Every structure is written in structure tokens, then in C-alpha cells.
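Student: I've got a new model to look at and I'd like a hand walking through it. Can you put it up?

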Amino acid sequence: MEEIKILIVEDDKDISNMIKKALTKEGYAVSCAFDGQEALNVWDKENCKLFILDIMLPKIDGIEVMRRIRMKSMVPILMVSAKAEESDRIIGLGLGADDYLVKPFAIAELIARVKALLRRYMYYSSSNDIMGNTIEYGEIKFDLDNYTAIKKDKTINLRAKEYELLKLFFKNPNKVFTKAQIFSSVWREEYLGDDNTVMVHIRRLRNKIEDNPDKPKYIETVWGIGYRLGSLK
């Protein structure tokens with residue numbers, strides 16, 4: 001089985017060592033970097049499957065490190081910060097982070113989030129079968145050309161906007177979308193703060209694709225932010 005390598009980017013060595021010890025105990029291979037430049041240097045040399053990335057870093061801050069990573073890769077990024085303000089969380093997720101954890105945090109919570117991010121990423125990387133313009137994720141086979149989706153050998157009847165929503169999530173498995181981003185991408189109009197339109201269409205889509213729409217696996221809510229493709233847990 002391929003070794004899963006995680007890079008911790010944290011300038012506080014006590015916190016870095018604590019996280020490394022916990023993740024190593026879980027069976028992961030762990031590298032550490034203590035500033036943004038070192039993180040980018042390690043990333044160039046090692047095949048990391050997940051980043052735990054502090055925002056406040058020497059030399060190059062975490063936001064810029066994430067921006068450079070996202071230019072080349074969709075590897076999962078868990079941002080860690082002492083900043084608890086909602087605006088910082090929105091900025092981090094909007095720029096490409098997959099999750100956001102505020103210090104101080106319980107190590108058990110960090111491990112749970114790491115496992116969830118890796119589960120989504122590894123499942124999509126190994127089980128996502130793109131042949132021509134067909135995507136398979138979980139029990140759903142999605143045809144990008146014919147506007148069709150099949151689950152358990154049964155065709156799901158999607159309306160145009162529902163199709164565009166599913167396409168948006170399936171083609172961007174590691175991205176958290178705000179309601180404004182969803183509206184702009186699917187409706188292709190200026191967003192004027194109408195959250196209800198997005199929420200109604202998400203609910204209709206869930207009713208068609210989820211086994212239990214009240215506990216969705218495919219379209220996951222990120223509270224206070226928006227939605228993303230679920231980890232199928």
C-alpha cells in the first residue's frame with residue numbers, strides 16, 4: 001500500500017511536533033516545514049498528499065503558499081490559524097483551502113478532519129473514472145455530454161440547473177463553493193444576495209441523488225460558507 005505523506009507547515013515547533021507525533025501514530029509519513037519558503041521547497045521534492053498549513057508564517061505567508069500550490073495541484077489543504085473571525089475562514093476556503101481549523105484545537109478533531117479530507121481526495125483520485133466525458137463518483141455515473149446521471153442503473157432526471165450544479169461539484173472535488181460562487185457559475189448572472197435560489201436548487205438536487213437528503217453524502221454543507229462535494233463517509 002502506498003505511503004501517505006503529509007506536510008505540516010507550522011512555525012511553532014511545539015505545535016508541529018505535537019501534530020507530527022499524532023499523525024505518525026496513525027500511520028502517516030510526516031514532513032515538517034517551519035516557514036513558507038521551506039514548505040514550497042519540500043513540496044517540490046516530495047509527493048505530499050495533504051498539507052496542514054498555518055496562515056501566519058515567516059518569509060511567505062500561508063495564503064501565498066496556498067495560492068502557489070493551487071496553481072499546480074488540487075492536493076487537500078487544511079488551514080490552521082489562531083484567527084477565529086468568519087471573514088478569515090471565508091477567505092481561506094474561498095482561495096482554495098479544503099477545511100479550516102482554529103487554534104487551539106483538539107488533536108482528535110484534527111485527525112478526524114485529516115482522515116475526511118484524505119478519504120475524499122483518495123476516493124476521487126482512485127475511483128473517479130473519467131472516460132471521455134463521463135465521471136463516476138460513488139454510485140453515480142455522470143455524462144457531461146448528454147446531460148444524464150445514472151445511480152444504481154437508474155437514470156436520474158435532472159433539470160438544466162440541477163445538471164449544472166452537479167457538474168460544478170463533480171469537476172471540482174476539493175473546492176468549497178460559496179453561494180455567490182455557485183450562483184455566478186451556474187446562473188451566469190451577477191449575484192445580488194439571493195441565497196434562496198441556490199438553496200432551493202441544492203435541496204431539489206439532493207432529493208434526487210441522495211439516499212437520505214437530510215444526511216447528504218454527495219453535496220455537503222460547509223456551515224457558514226456554502227457547499228462542496230462530500231467525502232462519501
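Tutor: One term before we begin: contact means heavy atoms within 4.5 Å. This is a predicted model, where local features need pLDDT of at least 70 and side-chain atom pairs count only at pLDDT 80 or more, while totals for chains, interfaces and linings use all residues. Residues are numbered from 1 along each chain as its sequence is written, and side-chain values use heavy atoms, with hydrogens and water left out.

Student: OK, so what is isoleucine 182 in contact with, leaving aside its neighbours within four places in sequence?

Tutor: Isoleucine 182 contacts Leu165, Leu168, Phe169, Phe177, Trp187, Val198 and Tyr227.

Student: And which residues touch the most other members of the largest nonpolar core?

Tutor: Phe169 and Ile182, in a core of 28 residues. A nonpolar core is a set of buried Ala, Val, Leu, Ile, Met, Phe, Trp, Tyr and Cys residues joined through side-chain atoms within 4.5 Å. Buried means under 20% relative accessible area, exposed over 50%, and partly exposed in between, using a 1.4 Å probe on protein chains only.

Student: Which helix gives the most to this core?

Tutor: Helix 6, with 6 residues. Helices (H or I, at least four residues) and strands (E, at least two) are DSSP runs, numbered from the N terminus. There's also a second, separate core of 25 residues, and Met66, Ile69, Met79 and Ala97 are among them.

Student: At what angle do helix 6 and helix 7 pack?

Tutor: About 120°, with their axes 10 Å apart. Axes are lines fitted to C-alpha atoms, for helices over the stretch in contact, and angles run from 0 to 180 degrees between N-to-C directions. That makes helix 6 oblique to helix 7; under 35 degrees counts as roughly parallel, over 145 as roughly antiparallel, 65 to 115 as roughly perpendicular and the rest as oblique. Lys161, Glu164, Leu165, Leu168 and Phe169 of helix 6 meet Ile182, Ser185 and Val186 of helix 7.

Student: How about helix 7 and helix 8, what's the angle there?

Tutor: Those pack at about 80°, axes 9 Å apart, so helix 7 is roughly perpendicular to helix 8. Lys179, Ile182 and Phe183 of helix 7 make the contact with Asp195, Thr197, Val198 and Met199 of helix 8.

Student: Switching topic: where does tyrosine 28 lie?

Tutor: In the loop between helix 1 (13-25) and strand 2 (29-33). Tyrosine 28 counts as buried because its relative accessibility is 14%. Beyond residues up to four places away in sequence, it touches Ile4, Ile6, Leu23, Val114, Lys115 and Leu118.

Student: Any odd backbone spots?

Tutor: A cis peptide bond joins lysine 103 and proline 104, with omega about -10°. Proline 104 is in the loop between strand 5 (99-102) and helix 5 (107-127). Lysine 59 has a positive phi, near 70°, though it isn't a glycine.

Student: Is lysine 59 buried or exposed?

Tutor: Exposed, because its relative accessibility is 71%. Aspartate 153 also has a positive phi, about 70°, and at 78% relative accessibility it counts as exposed.

Student: Last one: where does pLDDT stay under 50?

Tutor: Over residues 127-131, for which the model has 9 contacts beyond four places in sequence. pLDDT is the predictor's confidence in each residue, from 0 to 100. The protein chain averages 86, and 91% of the residues score at least 70.
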